[in-house]
Amino acid sequence: AAFLGGRLLNRGVGSLNMFGPNDDGVSILPAEELPKTPPEIEGLFVERQDSLIIVEDDRATGDSVAGSPVGIGGGSKFEVLITTDTLVYHDTTQPPAQRPTGNDPRVIQQTLEAGTLDDLIVSQSLIMAWGRKSGDRIIAEVVVYLDLGIPQKP
């Protein structure tokens, strides 16, 4: 998970390129449960207020939430509203055991399991949310979170 999350954050890989080939030889095929469009927001989890989560996105364009809490990277902050209809998934994709070489490319199938907002960790969870914008909020239809920096069990 740290491999995948670090790859996304450190390279500034956009959502459309997230699942495509990269110069590290790893391609990630998106899970069937995910919408075919890019997420409305992609960034680090900053804060939760009941069914509202704040996400910080350094690469985002547009308006950020006025008065939102200070995040870790100084990026734009957005509100994501979780409703009873929102599907929440935990990304459980495992990185390859060895780094691939140019002659040995790897294709990884993204795997998801049902998730809960209670598992989000400030500055340690990467959030991707699909939904519709309503003013300065995103009303989420699908949310995926990935744990950064939490060691995987063997």
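Me: Before we look at charged pairs, what does "buried" mean here?

Reply: A residue is called buried when its relative accessible area is under 20%, exposed when that area is over 50%, and partly exposed in between. Keep in mind that we're looking at a predicted model. As a case, take Glu 56 and Lys 77: both are buried.

Me: Okay, and what do Glu 56 and Lys 77 form with each other?

Reply: Here's the general idea: side chains of opposite charge can pair when their charged atoms come close. In this structure, Glu 56 and Lys 77 form a salt bridge, with 3.5 Å between the closest N and O atoms. Glu 56 sits in strand S3 (residues 52-57) and Lys 77 in strand S4, so this pair ties together parts that are 21 residues apart in sequence.

Me: How many salt bridges does a search of the whole structure find?

Reply: The search turns up three. Another one of them joins Arg 137 and Glu 79, whose closest N and O atoms are 2.6 Å apart. That pair links distant parts of the chain, since Arg 137 is in strand S8 (residues 137-147) and Glu 79 is in strand S4, 58 residues apart.

Me: Are Arg 137 and Glu 79 buried or exposed?

Reply: Use the cut-offs from before. Arg 137 has 32% relative accessibility, so it counts as partly exposed. Glu 79 comes in at 13%, so Glu 79 counts as buried.

Me: Which residue does Arg 48 form a salt bridge with?

Reply: Its partner is Asp 118, and the closest N and O atoms are 2.8 Å apart. Arg 48 lies in strand S2 (residues 41-49), while Asp 118 is in the loop between strand S6 (112-114) and strand S7 (125-134), so the pair ties together parts 70 residues apart in sequence. As for accessibility, Arg 48 is partly exposed at 35%, and Asp 118 is exposed at 60%.

Me: Let's try His 90. Where is His 90 found?

Reply: You'll find His 90 in strand S4 (residues 76-91). Its relative accessibility is 15%, so His 90 counts as buried.

Me: Which side chain does the side chain of His 90 make a polar contact with?

Reply: That would be the side chain of Asp 147, at 2.7 Å.

Me: And which residues does His 90 touch, not counting those up to four places away in sequence?

Reply: There's a run of them: Thr 111, Leu 112, Glu 113, Ala 114 and Gly 115, plus Tyr 145 and Asp 147. So Asp 147 shows up twice for His 90, in the list of touching residues and as the polar partner.

Definitions and conventions:
Residues are numbered from 1 along each chain as its sequence is written. This is a predicted model: local features need pLDDT of at least 70, side-chain atom pairs count only at pLDDT 80 or more; totals for chains, interfaces and linings use all residues. Side-chain values use heavy atoms; hydrogens and water are left out. Helices (H or I, at least four residues) and strands (E, at least two) are DSSP runs, numbered from the N terminus. Buried means under 20% relative accessible area, exposed over 50%, partly exposed in between (1.4 Å probe, protein chains only). A polar contact is a pair of N or O atoms within 3.5 Å; within protein, one must be able to donate a hydrogen and the other to accept it, and residues adjacent in sequence count only if both atoms are side-chain atoms. Contact means heavy atoms within 4.5 Å. A salt bridge is a side-chain nitrogen of Lys or Arg within 4 Å of a carboxyl oxygen of Asp or Glu.
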